[in-house]
Amino acid sequence: MIRSFRRCGNAPGTLTPEDQAALDTFRANLAAIAALRDPEPWTPGHYQAIAVRVGTYIERAHTRPGDDYGPDLIAVSLEHPGGPYTPYGARYRKLGWLRCQTTNILGTWNPAYTPLTHVAAGLDLPDDVGMDPAHYALYIEARQRDDTRNGHTLLRLGPYTQTRHAQQDHDRITTALDGQETTLIPGHRVSVRFGPFNVSDHHLFTNPYGADIPVLLADAVEGATA
């Protein structure tokens, strides 16, 4: 409801701070409705901010590579409408990568959608956002220590169904590499990278569950230097 903007004691046409705030909110909501009527199309395969439906709200998200179950399901991460570096609630940080039905994507993100987000309503994201977690993977890579940065992947571990499992193995590998990153393979730096699991390349991955991770790492290094 729009309140009358003339108050007793105010000069004609003068708005109180409360009325100005109400007017600004009204205008923002009109802009959001207009943007919804004519969304900018989203092009699959492009890494960009998109707008997705989460219940009755609209949220900013970013497409992520991997976890590719076909054109109807992609990996995304939900973000604060102000961008990935804006402080936000705990569940924004904890959700990680999610599987999103492409039918829930409205188009590319438009800042005009901000009034339609949870944060604009003073809410954090709900426990259930209607999207399953995407699977994760660890990539152990050997990169040349020259300007070309060429190299190859020694070992792919995945899929991890929980981020904490991937983080635990990441820590184990980091500990095993400590002080040896540049000596294990001459002319290369060995490192571990955390990322999404590429379903279409599943045959290239080693199942990490029940495996001795340091032994897998040692075998991969031995194979690269043999």
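Which residues of β3 are buried on one side, and which on the other? In this predicted model, Leu-73, Ala-75, Ser-77 and Glu-79 are buried on one side of the strand, and Ile-74, Val-76 and Leu-78 are buried on the other, so both faces are covered. That two-sided split fits a simple rule: in a regular strand, side chains alternate between the two faces of the sheet. Put as a count, seven of the seven residues of β3 (residues 73-79) are buried, so the strand is largely enclosed by the rest of the structure.

The strand partners of β3 come next. Strand β2 (residues 57-64) pairs with β3 in the antiparallel sense, over five bridges, and here Arg-64 stands opposite Ala-75. Strand β4 (residues 97-101) also runs antiparallel to β3 and is joined to it by five bridges. In that pairing, Ser-77 sits opposite Trp-97 of β4.

Now for the nonpolar cores. The largest one has 21 residues, and those with the most contacts inside it are Ile-140, Leu-154, Leu-157, Ile-173 and Val-190. At least two residues of this core come from each of β6 (136-144), β7 (151-160), α3 (163-177), β8 and α4 (213-225). Leu-154 gives a feel for the packing: leaving out residues up to four places away in sequence, it touches Ile-140, Glu-141, Ala-142, Ile-185, Val-190, Ala-220, Val-221 and Ala-224. Another core, of 14 residues, lies apart from the largest one, and its members include Leu-78, Leu-98, Cys-100 and Val-129.

Helix α3 passes a quick geometry check. At 1.5 Å a residue, its 15 residues should span 21 Å, and the end C-alpha atoms are indeed 21 Å apart, so the two values agree. Buried in this helix are His-165, Ala-166, Asp-169, His-170, Ile-173 and Leu-177. These residues cover an arc of only 135° around the axis, which puts them on the same side of α3. What they pack against is β6, β7, β8 and α4. After the helix comes Gly-179, with a positive phi near 85°.

Then there is a cis peptide bond, from Gly-158 to Pro-159, with omega near 5°. Pro-159 belongs to strand β7, and its C-alpha atom is separated by 5.5 Å from that of Ala-137, although the two residues are 22 residues apart along the chain. Ala-137 itself is found in strand β6. Its relative accessible area is 0%, so Ala-137 counts as buried. Setting aside residues up to four places away in sequence, Ala-137 touches Leu-157, Tyr-160, Arg-193, Phe-194, Gly-195, Pro-196, Phe-197 and Phe-205. One of these, Leu-157, is also listed among the residues with the most contacts inside the largest core.

Last up is His-188, which lies in strand β8 (residues 188-196). Is this histidine buried or exposed? With a relative accessible area of 14%, and a cut-off for burial of under 20%, His-188 is buried. A polar atom of its side chain lies 3.0 Å from the backbone oxygen of Pro-186. Neighbours within four places in sequence aside, His-188 is in contact with Ala-142, Arg-143, Gln-144, Arg-145, Glu-181 and Thr-182. Of these, Ala-142 also turns up on the contact list of Leu-154.

Notes: Residues numbered from 1 in each chain as written. Predicted model: local features only at pLDDT ≥ 70, side-chain atom pairs only at ≥ 80, totals over all residues. Heavy atoms only, no water. Helix = DSSP H or I, 4+ residues; strand = E, 2+ residues; numbered from the N terminus. Buried < 20%, exposed > 50% of the residue type's maximum accessible area, 1.4 Å probe, protein only. Polar contact = N/O pair within 3.5 Å; in protein donor to acceptor, adjacent residues only side chain to side chain. Contact = heavy atoms within 4.5 Å. Pairing = 2+ DSSP bridges. Core = buried A, V, L, I, M, F, W, Y, C linked by side-chain atoms within 4.5 Å. Expected span 1.5 Å × (residues − 1). Arc of directions from axis to C-beta.
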